[in-house]
Amino acid sequence: MSMPETVALPEAPETGISALIQRIWPLSLAAIAITGLIAGGLLRWWHAGLFFWSTTALVSATVIVIAALSVDVALSLRRGDIGLDLIAALSMSAALWFGEYFAGAIVAVMYAGGQFLESFAQRRAESGMSELLSRAPRRAVRITASGLSEVPIAALLPGDRLLVRKGDVVPVDGKVIAGHALLNEAALTGESLPVQRSSGELIMSGSSNLGDAFEMIASGSASESTYAGIVRMVSQARSSKAPISRLADRFSLAFLAMTLVIAGLAAWLSGDPARIVAVLVVATPCPLILAVPVALVAGMSKAARAGVLVKGAHVLEVLATISVVVFDKTGTLTTGEPAVVSIETDRDADELLRLAASVDQASAHVIGQTIVEEAKRRGLKLAKPVQLAEVPGEGIEGYVDARKVAVGGWDFIAEKVKSATRPGPKDKSIVTAYVAVDGTLAGTIVMADPVRKDAALVIADLRRLGVKRLSLATGDRSEVAGAVGLALRLDQISAQLTPARKVETVAAERAYGRVMMIGDGVNDAPALAAADVGVAVGRRNLAAAAEAADVLLVRDDLGQIGTLLQIARRSRAIALQSVGCGIGLSVIAMVCAGLGYLTPVQGALLQEVIDVAVIGNALRALY
């Protein structure tokens with residue numbers, strides 16, 4: 001991932017000349033090969049006197065494909081990879097050398113078609129990603145002697161005084177200097193409930209302002225911020241990930257050796273060097289070059305219909321071999337939003353909730369709004385509060401039906417009820433709102449970030465599919481992580497992790513097999529990039545998480561994880577089946593060609609028949 005240091009989020013996909021060339025070149029190469037073959041055939045069929053122009057069309061198309069292929073082969077050999085493309089280059093070159101121009105052109109069409117299919121798979125995977133690259137702290141409001149001015153975050157300097165409005169993303173690290181900051185830090189720390197920062201306290205870039213506007217002093221530039229540091233960590237994690245070789249290339253050395261042995265024996269035993277061409281043409285590994293991408297593209301298309309975007313055929317290959325899954329907590333296994341889980345009172349619970357919610361109608365605090373939503377869900381009729389007084393971040397009080405009602409944290413309520421004894425649960429994984437009515441503590445409303453309804457089903461599904469290890473890696477507190485991990489019976493629980501430690505956790509899990517990491521926040525992005533496969537959950541994903549991930553669940557439905565693994569395994573199995581059948585048929589055809597029963601053109605046409613059969617089988621992955 002390339003991006004300027006001062007940009008907090010990855011940019012949209014590249015749209016320049018180089019990107020355009022990358023998109024159209026595979027199609028152009030396939031078009032050149034097909035045009036050359038058709039033109040050569042038509043010219044020769046139309047009139048024998050057009051033999052020169054027919055040959056020119058066939059040779060030109062083949063030479064262009066060989067030139068493009070030679071670049072790919074040279075780059076592969078430079079990396080130490082010997083792929084199936086080398087056999088295709090040898091067969092086309094041998095066909096031209098021995099004057100088998102039609103055979104060479106047919107092989108060129110088969111090779112260029114395979115390249116186009118692979119590029120099509122990549123483009124299809126990347127389509128629809130731009131909508132996920134939307135949440136970006138690009139600008140900030142700077143306070144100067146002349147007033148407020150909106151500036152790009154790249155222009156911010158240490159010591160700048162900034163205004164962070166309600167709903168804004170904190171643009172840089174800094175310190176609160178005026179007002180109280182009510183922040184959602186879930187994207188950075190995994191803490192699902194909002195936190196309050198008072199004057200003098202440090203705040204991190206990338207957190208969202210849920211409360212009223214506040215002022216802050218920037219402690220560094222945008223490129224030095226927490227958020228930008230996470231994005232750089234994503235880049236480092238992605239570059240350190242070992243490249244995955246194409247499935248077909250794993251058979252390349254054995255197939256290449258077998259092809260050369262059969263071709264050499266045929267030429268030596270028969271005394272006819274031209275038989276080398278026939279063997280090489282039949283040996284052109286189009287069942288491998290074509291069948292694998294066709295099966296994987298079909299699998300990707302099927303996954304897309306299920307609401308899952310897979311960024312490349314190689315990702316689907318790796319997904320089929322996953323044996324370890326690491327989950328983030330907030331927004332992944334839990335809803336990521338507080339919800340009322342119980343009301344503790346010796347009075348009528350619904351009446352206590354109604355009084356509290358009536359007062360909280362006047363509060364913008366996320367806890368207050370959670371209480372209001374719960375009252376509405378229960379169908380309670382709320383009254384209009386009067387004589388309201390609110391201490392931001394602490395609590396609110398007012399009169400409801402002539403009764404004085406106060407709702408808030410313990411310090412706020414303790415002054416109202418004149419008590420020093422703090423009741424309520426001791427579990428630090430939950431949040432408690434205290435309610436006082438007419439100067440008496442009336443009860444507590446307990447909230448927590450609940451486990452998603454589909455989480456237990458997903459865990460059971462993954463175990464049924466043979467995933468041998470399921471772990472939790474979260475930046476949230478140990479008490480919270482422990483409760484979730486215990487409820488879902490996970491094998492390993494790691495809490496209070498920084499983004500860097502999440503990467504270390506993913507690396508440690510590799511001791512048990514290939515790792516899939518599932519998360520939805522910016523703090524998950526480095527781990528998503530470092531895992532063998534990273535999965536970002538839901539439309540609400542932050543852009544850094546979406547950019548770092550290999551798979552995007554467009555619908556916020558964890559149940560698609562099991563479906564995705566099943567699709568990947570079936571697609572890979574069909575691809576391997578197609579490869580096996582293709583190699584078997586090609587070996588039989590090579591032996592026949594080596595014994596002189598097939599000419600190069602006949603061999604190329606027979607290879608086409610094999611291709612159609614193998615591709616037809618690969619397309620079964622669509623269904």
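These are my notebook entries on a predicted model, going from the whole chain to single contacts.

**Ground rules.** I number residues from 1 along each chain as its sequence is written, and I work with heavy atoms for side-chain values, leaving out hydrogens and water. Since the model is predicted, I keep to pLDDT of at least 70 for local features and to pLDDT 80 or more for side-chain atom pairs, while totals for chains, interfaces and linings use all residues.

**Whole chain.** I looked up the secondary structure first and found 20 helices and 22 strands in the protein chain; these are DSSP runs numbered from the N terminus, helices being H or I with at least four residues and strands being E with at least two. Of its 623 residues, 52% count as buried, where buried means under 20% relative accessible area, exposed over 50% and partly exposed in between, with a 1.4 Å probe and protein chains only. The accessible surface comes to about 26800 Å², and 59% of this belongs to carbon and sulfur atoms; the areas come from the Shrake-Rupley method with a 1.4 Å probe, and for residues only the protein chains shown count as cover. For contacts (heavy atoms within 4.5 Å), I noted that among those between residues at least 6 apart in sequence, 68% join residues at least 24 apart.

**Surface patch.** I then looked for nonpolar surface and noted a patch of about 650 Å² made by Ile34, Ile38, Leu42, Trp45 and Trp46. Patches are made of residues with over 30% relative accessible area and no salt bridge, like charges being joined within 9 Å and nonpolar side chains (Val, Leu, Ile, Met, Phe, Trp, Tyr) within 5 Å. Trp45 belongs to helix α1, residues 17-46, and counts as exposed because its relative accessibility is 66%. As a reminder to myself, an α-helix has 3.6 residues a turn, so residues three or four places apart point the same way.

**Strand β17 and its partners.** I find 7 of the 9 residues of β17 buried, so this strand is largely enclosed by the rest of the structure. Two strands pair if DSSP finds at least two bridges between them, and β17 pairs in the antiparallel sense with strand β12 (residues 339-344) over 5 bridges, Ile343 having Ile445 as its bridge partner. With β16 the pairing is also antiparallel and runs over 7 bridges, and here Val431 stands opposite Met447. The two strands β16 and β17 form a hairpin with 2 residues between them, and Asp438 in the turn has a positive phi of about 55 degrees.

**Helix α13.** In this helix (residues 410-417) I list Trp410, Phe412, Ile413, Ala414 and Val417 as buried. The buried residues pack against β13 (386-391), β14 (395-400), β15 (403-408), β16 (431-437) and β17 (440-448). Just after the helix, Lys418 takes a positive phi of about 55 degrees.

**Salt bridges.** I record 23 of them in the structure, each being a side-chain nitrogen of Lys or Arg within 4 Å of a carboxyl oxygen of Asp or Glu. One joins Glu397 to Lys416, with the closest N and O atoms 3.0 Å apart. Glu397 lies in strand β14 and Lys416 in helix α13, so the pair ties together parts that are 19 residues apart in sequence. Glu397 counts as buried at 15% relative accessibility, whereas Lys416 counts as partly exposed at 28%. Salt bridges that share partners also join Arg139, Glu150, Arg165 and Asp168 into one network. Within this network, Arg139 and Glu150 have their closest N and O atoms 3.1 Å apart; Arg139 lies in strand β1 (residues 139-144) and Glu150 in strand β2 (residues 147-152), so this pair ties together parts 11 residues apart in sequence. Asp168 and Arg165 meet at 3.0 Å, N to O.

**Asp532.** I closed with this residue, which sits in the loop between α17 (525-530) and β21 (533-537) and counts as buried with a relative accessible area of 18%. Its side chain makes a polar contact of 3.3 Å with that of Arg510, and a polar atom of the Asp532 side chain lies 2.8 Å from the backbone nitrogen of Val515. A polar contact is a pair of N or O atoms within 3.5 Å; within protein, one must be able to donate a hydrogen and the other to accept it, and residues adjacent in sequence count only if both atoms are side-chain atoms.
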